[in-house]
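Q: Please walk me through this structure, and explain what lies behind each label that you use.

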Amino acid sequence: MAENPPRIPSMNEILESCAQRGLESFGREACRAACSRALDGVRALRKAGEPQAGVDAAFWTQVSAFLQVLPSLQLRGAINATGVVLHTNLGRAPWPQEAVDAAAAVAGASLCEIDRKTGGRGRRDRPVSELLARVTGAEAGLPVNNNAATVLLAVSALARGRKVVVARSELVEIGGSYRMPEVIAAAGAEMVEVGTTNRVHLKDFETAMEDPAVSLVLRIHPSNFRIEGFTTEPAMQELANACHARGLPLVYDLGSGVLNGTELGGLENEHSVQKSLADGCDLVTFSGDKLLGGPQAGLIVGAKPLVERLRRDMLTRCLRLDKTILAALEAVLSIHALGNAAACARIPALQRLALTTAQLHATASQLADAINRAANGFCAGVMACAGRVGSGASPTADLPSAGVLVHHAQRDAEQLAQWLRAAEPPVFARIQDGGVLLDMRTVSSSEQLLLQQLFENAS
Ligand SMILES: *Cc1c(COP(=O)(O)O)cnc(C)c1O
């Protein structure tokens with residue numbers, strides 16, 4: 001016969017237990033709020049088919065976590081063992097430690113918008129804007145909320161109520177319903193499409209530019225797809241010359257936008273920001289959390305008069321960045337300013353791309369040995385595997401890597417993956433060959449130790 005579900009005590013009884021457990025220092029009101037939230041969890045568990053859930057050890061762990069706040073947060077750190085270096089769902093680029101420290105250092109009062117010399121008002125984006133110009137060689141820079149916002153801002157500031165020329169082959173949709181035609185429409189401009197899906201010629205652009213209502217030519221990096229075969233497009237330099245002969249600005253949405261590390265595996269076909277400027281693009285836009293390796297941001301660099309027009313646009317105020325993000329960006333750009341070798345060594349996203357398969361095999365066999373030594377039902381082996389850059393860079397290119405393939409005597413691959421996601425910190429891996437595959441390219445050395453402990457302490 002099924003047991004009766006345990007009785008749920010009254011709130012007064014529960015608050016009594018809070019006192020006995022030494023939780024009253026958080027205050028009676030906070031205890032009540034935490035217990036009430038934990039009770040909602042108990043009711044949800046019972047509804048989901050766990051009638052034995054009650055005011056038990058798990059309940060009190062929850063209450064304590066709610067009172068301490070940090071242990072209860074849903075948005076928390078995780079281990080990326082997928083081999084996708086810039087994994088959008090796992091938060092894209094891992095920040096360098098300098099960026100983490102810089103963000104924390106300005107959480108309180110800071111020099112956010114104040115001029116230290118005069119004590120008067122300052123511009124919050126000035127340090128980042130100056131570094132952007134220094135690192136890319138552009139006349140000026142401007143940071144906003146994300147790269148999606150840079151295109152909206154550029155079109156709005158330079159072509160609102162007028163026309164924008166775009167190649168049909170570049171009318172991309174980025175994840176999360178960001179579609180180029182809709183962005184241009186939202187910015188209040190009319191789109192003039194030129195060329196066909198696979199081919200666009202300089203002549204197509206030139207013909208469209210004859211319309212006096214055109215005030216901008218926009219090119220977009222086809223980040224997340226490739227058109228192969230019978231294709232053509234004009235060289236950026238040719239197009240820039242044609243634009244400038246007609247006094248029209250050329251804006252290039254680069255997406256990932258490599259500053260340093262162009263020689264790294266997987267990035268051979270990416271266009272660098274510096275090269276795009278040298279080719280004559282008037283404004284180049286790119287993300288902060290892709291190959292730049294920092295926080296979410298949209299970065300605009302290029303000709304000073306155009307950057308100033310964007311800066312003065314009302315949208316710029318709506319798209320401005322928080323002081324902590326600006327501090328993290330300043331730290332990341334300061335590392336880039338030290339040159340290519342420093343950037344590749346100190347920015348985790350680039351570091352990970354620079355790892356050789358020999359290095360990855362070595363760390364994979366360390367972890368596999370540790371898992372096999374633990375001998376609690378797991379069986380691990382090293383295997384060659386393939387990851388990705390992610391976030392739209394080189395979408396069709398594999399990143400040769402090494403991983404640890406783990407099987408368990410009693411659990412199938414799906415159960416193993418679920419167990420890993422429920423671990424602390426949560427671990428995300430690939431399911432492959434009937435087991436889970438931990439790709440070592442995206443696992444830091446401290447995370448490798450955490451993984452090791454996780455398998456050692458598993459029961
Ligand atoms: C990623 C990407 C975007 C969007 O950038 P976010 O920083 O994610 O807003 C826009 N355009 C291109 C070409 C991209 O690759």
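Q: Why is cysteine 385 not counted in a disulfide?
A: A disulfide is a pair of cysteine sulfur atoms within 2.5 Å, and in this predicted model the closest cysteine sulfur to that of cysteine 385, in cysteine 379, is 17 Å away, so the two are too far apart for a bond. The structure as a whole holds zero disulfides; cysteine 112, for its part, has its nearest cysteine sulfur, that of cysteine 318, at 17 Å.

Q: Why does cysteine 385 count as buried or exposed?
A: Buried means under 20% relative accessible area, exposed over 50%, and partly exposed in between, with a 1.4 Å probe and protein chains only; cysteine 385 has 11% relative accessibility and therefore counts as buried.

Q: What makes up the interface of domain 2 and domain 3?
A: The chain is divided into domain 1 (27-73), domain 2 (98-346) and domain 3 (354-456), with bounds that come from an automatic or database domain assignment. Taking contact as heavy atoms within 4.5 Å, 12 residues of domain 2 meet nine residues of domain 3, while the C-alpha centres of these two domains lie 35 Å apart.

Q: How many salt bridges does the rule find across the interface of domain 2 and domain 3?
A: A salt bridge requires a side-chain nitrogen of Lys or Arg within 4 Å of a carboxyl oxygen of Asp or Glu, and across this interface the rule finds zero.

Q: What should I know about the numbering and the values?
A: Residues are numbered from 1 along each chain as its sequence is written, and side-chain values use heavy atoms, with hydrogens and water left out. Local features need pLDDT of at least 70 and side-chain atom pairs count only at pLDDT 80 or more, whereas totals for chains, interfaces and linings use all residues.
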